Amino acid sequence: MSATGLPPLLRQRLEAAVGTEHVLTDAGSLLAYESDALTLFRCQPGAVVLPADAQQVQACVQVLHEAGVPFAARGAGTGLSGGLLVPAGGVILALSRMNRVLEIDVERRVARCEPGVVNAVLGRHAAQHGLRYAPDPASQTVSTLGGNAAENAGGPQCFLHGNTTQHVLGVEVVLADGRRETWGGPHALSDDLDLRGFACGSEGSVAVLTGLILRLIPQPEAVGTLFGAFADVATACRAVSAIVAAGLQPLALEVMDQRAIHAVEDSVYRAGLPREAGAVLIVEVEGTAAQVERDAAAVEALLGEHAPLQIERAQDEAHRLRIWKGRKGAGGALGRLAPDSLVMDGVVPRSHLAEIMEFVEEVAEQTGLPVANLFHAGDGNIHPHFSYDGRDPDQCARVEIASTKILLKCLELDGSISGEHGIGLEKQHLMESQFDAEELALMQQLRRVFNPADLLNPGKGLPMKRGCAEAFHRHRHLTLDEEFPA
Ligand SMILES: Cc1cc2nc3c(=O)[nH]c(=O)nc-3n(C[C@H](O)[C@H](O)[C@H](O)COP(=O)(O)OP(=O)(O)OC[C@H]3O[C@@H](n4cnc5c(N)ncnc54)[C@H](O)[C@@H]3O)c2cc1C
């Protein structure tokens, strides 16, 4: 198959399934689909197909299955692990037209949605009924519920309420051969094999999610948001540990370092964060008004024990939203600093946060590239954000080496190579460092049950077979001692 187009018969069959105008093959359109938000890896698809509903997804998948053409589902393309590239000539099923909130069942506290619904849109629908959808990735104004479920997305509030998988009650799927099934359902308790759970976090390699049945929870009576500003990141991390050790259960514990603060304060996301601080720790608590008052006071007292430069509590909802606009806009603000970004995703036990952040600084100095840090500190989930120019092969090599070193260090500290962005293409070569051969073989076997020909989002998550490797990117096997190019 040519890298630039589809065989005419295949194209005709896809057009018959979704309508001519919903099959994109011109170079300009395809350019927008050649990567997700990790632009280090690119591969132009042969076509992008935009189905309107589950029947059309099914029709497309049947055609692609019969033709033996690789394909991947796409939500908003905000993924940060190179999770939805298809080999040249493959097809992207872009689900952005499947964006209807089908039902909010207030009594059962359940929402039924199509996969292309943007996370924050569901939030707005739920809020009209005094409810909310808890998973709140910083990308929530853009990223979709389908993408969130496929990546098992986290977010600031997930420290208290858990990642996406804890809020997905059921999924409607189209399997790799075109069969349609429903896994799980609105009843929280089920004695079936948990295929719903298997789909969450499967990075689009087990099934295409065409419908989601989601748990909603009540809005809290009150919320308290505050931040402490500290001289450095290590002190902010120690304050995080102290808050958890005291038995408090905040909704969110988020750290931003000075580079992130400056990027935010220089942008439209300005939040009034102190520029002189080496780091800020944002804490949010929720509950009844009395609980919030008690917990916020306890947090303030603990922050006060860590030599804060400043402690500030949001005085009203506008102030609170301004703080969150700064935190959630930080990724966008940092994106202004260079043509490309590599936003990492690693996990360490909270007690090792200060140590890993020191290591990140050390590595960043060796790369000569700027790194900013903003992270879900409560979960020990770090996101070093490297700014670089992807047109410069030397800078690309440096960020790849840096990110590998940092993730290997996370493993050395008893952590993990991913908390919420998935493995994708970015980290599949590191799976062998986290899991042994038997574990990987078991994962591969499980996946093959659902994706026997590896047509559905091939080459992601698990170490690649040789044929696939050539289609994308051959990772070098690096070690913690790897030297940077002179
Ligand atoms: C500025 C910024 C901030 C971010 N903050 C966070 C954060 O706080 N927490 C977090 O977890 N992530 C965060 N992310 C990463 C990203 O937004 C999440 O991974 C998100 O869940 C991806 O959603 P999406 O709709 O963009 O999915 P896409 O990028 O389109 O796809 C991601 C993966 O899901 C698969 N997929 C998508 N839709 C479906 C479907 N319907 N069926 C099957 N597979 C599907 C794709 O094949 C791909 O493998 C951030 C990204 C950016 C750019």
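## A ligand shell between two domains

Sorted by class, the residues that form the shell around the ligand comprise 14 nonpolar, 18 polar and five charged ones. The model in which this shell is described is a predicted one, and glycine is counted here among the polar residues, a point to keep in mind when reading the class totals. In all, 37 residues surround the ligand, and those closest to it are Gly75, Gly146, Gly147, Gly204 and Gly331. Strand 3, helix 5 (145-151), strand 10 (208-215) and helix 11 (317-335) are the elements that each contribute two or more residues to this shell. Helix 5 supplies the largest share, with five residues.

To place the ligand within the chain as a whole, it helps to turn to the domains. The domain assignment divides the chain into domain 1 (8-94), domain 2 (101-218) and domain 3 (221-337). Because residues of both domain 1 and domain 2 take part in the shell around the ligand, the ligand lies between these two domains.

The two domains also meet each other directly. Their C-alpha centres, that of domain 1 and that of domain 2, are 22 Å apart, and 15 residues of domain 1 make contact with 20 residues of domain 2. On the side of domain 1 that touches domain 2, the elements giving two or more residues are helix 3 (54-67) and strand 3 (71-74), with helix 3 giving the most, namely six residues. This side of domain 1 is made up of eight nonpolar and seven polar residues, and no charged residue is found in it, whereas the shell around the ligand does include five charged residues. Strand 3 thus appears in both settings, since it is listed for the side of domain 1 that touches domain 2 and also for the shell around the ligand.

These details sit within a fold that can be described for the entire chain, which has 16 helices and 20 strands. Its C-alpha atoms fill a box of roughly 70 × 65 × 45 Å along the principal axes. For 486 residues, a compact globule would be expected to have a radius of gyration near 23 Å, and the chain, at 22 Å, agrees with that expectation. Of the 486 residues in the chain, 51% are buried. Among the contacts with a separation of 6 or more, 72% join residues that are 24 or more positions apart.

Key:
Residues numbered from 1 in each chain as written. Predicted model: local features only at pLDDT ≥ 70, side-chain atom pairs only at ≥ 80, totals over all residues. Helix = DSSP H or I, 4+ residues; strand = E, 2+ residues; numbered from the N terminus. Rg over C-alpha atoms; globule rule 2.2 N^0.38 Å. Buried ≥ 20, exposed ≤ 12 C-beta atoms within 10 Å, placed from the backbone. Contact = placed C-beta atoms within 7 Å. Domains from an automatic or database assignment. Near = placed C-beta within 6 Å.
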